[in-house]
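The following exercises concern local geometry and packing in a protein model. Each task is followed by a solution in steps.

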Protein chains: 2
Amino acid sequence: MAGIKDVAERAGVAISTVSYVMSGKRSVRPETKLRVLRAARELGYFPNAGARMLRGERTNIVALSSPMHEYTDYTNYSAFFFAVAQRARRYGYDVLLLMGEDETEDLMRMADSGLVDGVLLLDVTLDDPRVACARLCRVPVVSIGIPRETDGVLCVDLDFELMGRWAVDRAVRLGHRRALLVGDQGDAYDNGSNYLIRTRDSVFARAAECGMAVEFIPSVGRTMDAVSASMERAFALDPAPTVIFGQCSLGQLNNIVGYCYSRGMGVPEDVSILALGTFGNAATMVRPLDEIPMLPFSSCGRAVDLLVEAIEGRRGDEGVVELIPSKYLRRGSMGAAPSA
Amino acid sequence: MAGIKDVAERAGVAISTVSYVMSGKRSVRPETKLRVLRAARELGYFPNAGARMLRGERTNIVALSSPMHEYTDYTNYSAFFFAVAQRARRYGYDVLLLMGEDETEDLMRMADSGLVDGVLLLDVTLDDPRVACARLCRVPVVSIGIPRETDGVLCVDLDFELMGRWAVDRAVRLGHRRALLVGDQGDAYDNGSNYLIRTRDSVFARAAECGMAVEFIPSVGRTMDAVSASMERAFALDPAPTVIFGQCSLGQLNNIVGYCYSRGMGVPEDVSILALGTFGNAATMVRPLDEIPMLPFSSCGRAVDLLVEAIEGRRGDEGVVELIPSKYLRRGSMGAAPSA
DNA sequence: CTGAAAGCGCTTACAG
DNA sequence: CTGAAAGCGCTTACAG
């Protein structure tokens with residue numbers, strides 16, 4: 001509740017002096033400075049954020065746009081939120097969550113109200129309307145995810161094409177010729193969820209290059225029964241797949257392993273399994289799995305780096321697309337293809 | 001970038017008229033109003049947030065304080081974030097994440113800078129320093145979690161005492177006399193993480209009343225190997241427990257089930273398992289489990305309700321403690337105790 | 001029904 | 001080394 005005037009009065013100086021002491025933008029006689037600092041501390045003075053904003057000062061807030069949809073499975077989002085918040089904190093920024101369904105309205109409001117210094121877009125779809133907003137915004141915007149049209153925006157993402165290629169290459173090297181790609185819920189692809197499509201298509205493309213057959217089934221549910229039913233159909237194929245790429249949740253992967261075990265199939269003796277886009281947590285499964293994880297701390301961290309650079313004017317608004325390679329974590333669930 | 005002056009000029013009115021049109025705080029001639037609205041739309045006008053704050057208007061932002069610690073397992077936090085954000089949105093509020101390690105400093109800064117209209121505390125420990133801050137704050141604060149001293153703060157939480165009693169009562173009714181409580185990581189209790197302690201102690205207390213023996217083991221790790229080692233020791237007891245209460249993550253529960261199966265113990269024929277404080281997702285396990293879940297949407301939703309009431313002055317700052325009952329979800333993993 | 005002007009709490013160019 | 005004052009973009013009491 002104490003303002004700069006109260007501090008000035010208590011310290012016996014002008015408000016400008018208080019301001020300069022706080023900002024350090026000009027040198028102040030040590031004794032004066034001390035009096036001011038003591039007064040500020042005693043009064044519990046914090047500069048009014050509104051007044052600073054009005055003067056065009058940074059707010060040290062970045063918005064994180066992460067719209068909620070009906071189909072949003074938010075289980076793993078906190079990793080992204082934490083990653084963003086942690087890195088932002090390092091630069092002295094706080095994070096304002098924008099989770100309204102109406103993505104673009106929130107965005108324009110924030111960008112033009114002067115409340116935030118920059119914006120991060122999460123969960124960017126191929127034709128995300130927020131990207132068009134980004135081009136109009138007076139604050140810098142960084143997209144975590146690669147839209148179809150990238151010109152004029154800063155984009156960072158994990159290299160999901162590379163993820164797909166790595167998966168296929170590893171399987172092919174182990175002699176596998178028939179793969180099953182278990183996808184996420186079908187509507188996640190329909191809604192253009194970017195990384196899912198990119199990974200899946202990269203698997204398809206690379207498999208075609210390598211002469212490997214790939215069957216794709218989206219998940220229809222998360223329970224053991226739902227997963228079993230899907231797997232049942234997949235393994236009824238002749239010849240049956242010898243390797244499974246799981247582009248799905250850890251729970252579904254658990255059920256896939258459970259299904260294999262229930263059918264008497266050993267991992268990796270009878271079937272190999274590789275998790276794609278998980279969160280490094282397939283190590284904790286009953287049967288730990290090889291995985292090529294998301295690395296949210298890498299992608300989000302880098303996105304914050306770029307955003308802060310842009311905010312502080314150390315970067316123009318030329319388009320940038322940075323792809324970050326994931327890594328391959330071995331847990332022994334990928335083995336040589338069983339000989340026919 | 002367009003300001004109220006630009007809108008006024010384009011509409012041919014005074015800035016006060018623009019202001020009144022935007023706020024609706026006084027009636028304006030329909031034609032004038034229309035001209036103003038059109039001008040505002042054409043210029044993409046959004047009121048400057050700083051100027052409004054300076055005038056003491058609401059910012060329509062609430063802070064969500066959720067400090068990150070070394071030991072924080074953030075896997076399930078997004079459910080709370082989403083729950084808060086969703087309900088806040090309904091009232092027209094955005095959410096500012098405060099995740100700095102230094103909990104109280106962030107809090108005071110926010111509360112006194114005028115940037116937020118209210119604050120929510122997440123992950124409140126028994127002697128949480130943020131609660132003391134809350135009493136000093138000039139904005140309302142709602143604690144999600146019950147600290148030791150609740151006077152002068154608004155508190156909402158799930159009824160974890162009831163959760164503990166329900167667990168024990170259900171087991172006792174099924175004839176179980178020896179239980180194993182598998183806890184979260186040990187340091188989570190040491191750091192005073194509120195709900196863990198309350199649930200655990202409630203299990204202890206109720207078990208003592210009912211003449212049931214309870215062995216407690218904190219988790220030492222999340223991998224199958226770590227969980228197996230702990231379970232090994234627990235089942236070496238004579239007589240061995242016939243029911244397991246799992247106050248731990250879904251991954252660890254999966255490993256507990258995996259351990260039981262590997263030892264040839266059926267669930268619930270040989271051992272019953274009940275998950276406490278999970279997120280309704282034990283339905284998707286290979287062996288679905290009975291659970292008494294967290295219900296973040298209930299507790300956080302109610303917390304936002306209270307906060308908004310306080311912000312809008314429809315509630316004094318008398319202390320309030322609201323406990324919300326969870327529910328018991330049956331999945332067939334709790335059965336009659338095997339006869340000795 | 002509408003407008004001119006004070007003032008919110010800061011920062012900073014200007015003056016000394 | 002320090003201060004008096006303009007001005008950021010709004011809201012609202014006052015005036016008509």
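**Exercise 1. A loop serine**

Where is the place of A:Ser249 in chain A? Determine also whether A:Ser249 is buried or exposed, and which side chain A:Ser249 joins in a polar contact.

Solution. The model is a predicted one, and local features are considered only at pLDDT of at least 70.

Step 1. A:Ser249 sits in the loop between strand E8 (243–246) and H12 of chain A.

Step 2. The relative accessibility of A:Ser249 is 16%, so this residue counts as buried; the cut-off for buried is under 20%.

Step 3. The side chain of A:Ser249 forms a polar contact of 2.8 Å with the side chain of A:Arg222.

**Exercise 2. Crossing of H11 and H12 in chain A**

Describe how helices H11 and H12 of chain A cross, and list the residues that make the contact.

Solution. Two packed helices are described by the angle between their axes and the distance between the axes.

Step 1. Helix H11 of chain A covers residues 224–235 and helix H12 of chain A covers residues 250–262; their axes cross at roughly 55° and come within 9 Å.

Step 2. H11(A) is therefore oblique to H12(A). An angle of 65 to 115 degrees would count as roughly perpendicular, and one under 35 degrees as roughly parallel.

Step 3. The handedness of the crossing of H11(A) and H12(A) is right-handed.

Step 4. On the side of H11(A), the contact is made by A:Met224, A:Val227, A:Ser228, A:Met231, A:Glu232 and A:Phe235. H12(A) contributes A:Gln252, A:Asn255, A:Ile256, A:Gly258 and A:Tyr259.

Step 5. Sorted by class, the contact of H11(A) with H12(A) has six nonpolar, four polar and one charged residues.

**Exercise 3. Crossing of H8 and H10 in chain B**

Carry out the corresponding analysis for helices H8 and H10 of chain B.

Solution.

Step 1. The axes of helix H8 (residues 160–173) and helix H10 (residues 194–210) of chain B come within 7 Å, with a crossing angle of roughly 40°.

Step 2. This angle makes H8(B) oblique to H10(B), because angles count as roughly parallel under 35 degrees.

Step 3. The crossing of H8(B) and H10(B) is right-handed.

Step 4. From H8(B), the contact involves B:Phe160, B:Glu161, B:Met163, B:Gly164, B:Arg165, B:Val168, B:Asp169 and B:Val172. From H10(B), it involves B:Tyr195, B:Arg198, B:Thr199, B:Ser202, B:Val203, B:Arg206, B:Ala207 and B:Cys210.

Step 5. The contact of H8(B) with H10(B) has eight nonpolar, three polar and five charged residues.

**Exercise 4. Backbone exceptions**

Locate the cis peptide bonds that precede A:Pro239 and B:Pro268, and describe the backbone at A:Asn60 and B:Asn60.

Solution. Most residues other than glycine have a negative phi, and most peptide bonds are trans.

Step 1. Between A:Asp238 and A:Pro239 the peptide bond is cis, with omega near 0°. A:Pro239 belongs to the loop between H11 and E8 of chain A.

Step 2. B:Val267 and B:Pro268 are likewise joined by a cis peptide bond, for which omega is about 10°. The loop that holds B:Pro268 runs between helix H12 (250–262) and strand E9 (272–276) of chain B.

Step 3. A:Asn60, which is not a glycine, has a positive phi near 60°. A:Asn60 lies in the loop between helix H4 (49–54) and strand E1 (61–65) of chain A and, at 29% relative accessibility, counts as partly exposed.

Step 4. B:Asn60 has a positive phi of about 60°. Its loop is between helix H4 (49–54) and strand E1 (61–65) of chain B, and its relative accessibility of 30% makes B:Asn60 partly exposed.

**Exercise 5. Two residue environments**

Characterise the surroundings of A:Arg148 and B:Leu97.

Solution.

Step 1. A:Arg148 is located in the loop between strand E4 (141–144) and strand E5 (154–158) of chain A. With a relative accessible area of 51%, A:Arg148 is exposed.

Step 2. Apart from neighbours within four places in sequence, A:Arg148 is in contact with A:Leu126 and A:Asp127. The side chains of A:Arg148 and A:Asp127 are joined by a polar contact of 2.8 Å.

Step 3. B:Leu97 is part of strand E2 (residues 94–98) of chain B. Its relative accessible area is 1%, so B:Leu97 is buried.

Step 4. Again leaving aside neighbours within four places in sequence, B:Leu97 is in contact with A:Phe81, A:Asp94, A:Val95, A:Leu97, B:Leu64 and B:Phe81.

Notes: Residues are numbered from 1 along each chain as its sequence is written. Chains are lettered from A and ligands numbered from 1 in the order in which they are written. This is a predicted model: local features need pLDDT of at least 70, side-chain atom pairs count only at pLDDT 80 or more; totals for chains, interfaces and linings use all residues. Side-chain values use heavy atoms; hydrogens and water are left out. Axes are lines fitted to C-alpha atoms, for helices over the stretch in contact, and angles run from 0 to 180 degrees between N-to-C directions. Helices (H or I, at least four residues) and strands (E, at least two) are DSSP runs, numbered from the N terminus. Angles under 35 degrees count as roughly parallel, over 145 as roughly antiparallel, 65 to 115 as roughly perpendicular and the rest as oblique. A crossing is left-handed if the near helix is turned anticlockwise from the far one by less than a right angle, and right-handed if clockwise. Contact means heavy atoms within 4.5 Å. Ala, Val, Leu, Ile, Met, Phe, Trp, Tyr, Cys and Pro count as nonpolar, Asp, Glu, Lys and Arg as charged, and the others, Gly among them, as polar. Buried means under 20% relative accessible area, exposed over 50%, partly exposed in between (1.4 Å probe, protein chains only). A polar contact is a pair of N or O atoms within 3.5 Å; within protein, one must be able to donate a hydrogen and the other to accept it, and residues adjacent in sequence count only if both atoms are side-chain atoms.
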